[in-house]
Amino acid sequence: MDWDFPSADICQSWGAALAQTLRAPAVIYLEGDLGVGKTTLAQGILRALGVTQSVKSPTYTLLETYETKSGLAHHLDLYRLNDPEELEFIGIRDYLATPALWLIEWPERGKGHLPGADLKLHLHIQADARHHLSATAQHVRAEAWVQALPVDLASIT
C-alpha cells in the first residue's frame, strides 16, 4: 500500500496509527534516502507507544532503546556503519535475545546481522515535495497491520 504525506505531522500521525496495529515482537525496516522522514516516522511510532523522552536519530550511537507500554523498542540508524560486523561491537546478539520492536533505518548496511523484516517502509520525496511511503509486508501478520491503517490520511490527523 502507498501513502503521500504533505507534512511531517501527517507522517508522525501515520506512524502513530501504525503503532496501534503492531504486535511486538516486530521488525520494521525504514528505507529511503537522507531527509525523507525515516526518523520522523519512528518518532510517531514511539510516541504512540508511550515514549515521552526525546526521540532523536541514533546516527552516532547506532542504537537507542526505549521502554514502551508494549515492551522494549530498539531504534537503529545504521547510516554511519562502515561494516555490518560493527554491530557485533554494540552487542547486537544480546539485544536480539529479548523480544522487542525493532525500527531500523538503513537496514541494508547491517545485512547478515539483523533480524528479517516483518514490514518494510520505503520513503521518498516526490517532485511536488510531498513524502511518499510504500509499505510492503513480509509476513501475513504484518499484512494485517497495514490493512488496518486508514487509506484516507484525513482520518488519522
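Trainee: Why is glycine 110 called buried?

Mentor: In this predicted model, glycine 110 has a relative accessibility of 0%. Buried means under 20%, so glycine 110 counts as buried.

Trainee: Where does glycine 110 lie, and which residues does it touch beyond four places in sequence?

Mentor: Glycine 110 is placed in the loop between E5 and E6. Its contacts, leaving aside residues up to four places away in sequence, are Leu78, Leu81, Pro84 and Leu87. The C-alpha atoms of glycine 110 and proline 84 are separated by 4.5 Å, although the two residues are 26 residues apart along the chain.

Trainee: Why does tryptophan 106 count as buried?

Mentor: Its relative accessibility is 9%. Since the cut-off for buried is under 20%, tryptophan 106 counts as buried. Tryptophan 106 lies in the loop between E5 and E6.

Trainee: What makes the phi of tryptophan 106 worth noting?

Mentor: Most residues other than glycine have a negative phi. Tryptophan 106 is not a glycine, yet its phi is positive, near 60°. Alanine 129, in the loop between E6 and E7, also has a positive phi, of about 75°.

Trainee: What kind of peptide bond joins alanine 24 and proline 25?

Mentor: Most peptide bonds are trans. The bond between alanine 24 and proline 25 is cis, with omega about 5°. Proline 25 is in the loop between H1 and E2.

Trainee: Why is strand E2 described as largely enclosed by the rest of the structure?

Mentor: Strand E2 covers residues 26-31, and five of its six residues are buried, so the rest of the structure largely encloses it.

Trainee: How do you know that E2 pairs with E5, and in which sense does E2 run with E6?

Mentor: Pairing requires at least two bridges. E2 and strand E5 (residues 101-105) have five bridges, in the parallel sense; one of the partnerships sets alanine 26 against leucine 101. Four bridges join E2 to strand E6 (residues 119-125), and these strands also run parallel. In E6, lysine 120 is the bridge partner of tyrosine 29.

Trainee: What is the order of strands in the sheet, and what makes E1 and E3 edge strands?

Mentor: The sheet is open and has seven strands in the order E1-E7-E6-E2-E5-E4-E3, with mixed pairing. Strand E1 (2-5) and strand E3 (63-68) are its edge strands, as each pairs on one side only. From one strand to the next, the twist averages 20°. Helix H1 (residues 8-21) packs on the sheet, where it touches E1, E2, E6 and strand E7 (131-137). The direction of H1 makes about 140° with that of E1.

Trainee: How do E3 and E4 meet the requirement for pairing?

Mentor: Two strands pair if there are at least two bridges between them. E3 and strand E4 (residues 71-77) are joined by six bridges and run antiparallel. Leucine 63 stands opposite leucine 76 in E4.

Trainee: Which residues touch the most other members of the largest nonpolar core?

Mentor: That core has 34 residues, of which Trp14, Leu18, Ile28, Leu101, Leu119, Leu121 and Leu133 touch the most other members. Among the elements giving two or more residues to it are E1, H1, E2 and helix H2 (38-48). H1 supplies the largest share, six residues. Apart from this core lies another, of 15 residues, including Leu63, Leu78, Leu81 and Leu114.

Key: Residues numbered from 1 in each chain as written. Predicted model: local features only at pLDDT ≥ 70, side-chain atom pairs only at ≥ 80, totals over all residues. Heavy atoms only, no water. Buried < 20%, exposed > 50% of the residue type's maximum accessible area, 1.4 Å probe, protein only. Contact = heavy atoms within 4.5 Å. Axes fitted to C-alpha atoms, helices over the stretch in contact; angles between N-to-C directions. Core = buried A, V, L, I, M, F, W, Y, C linked by side-chain atoms within 4.5 Å.
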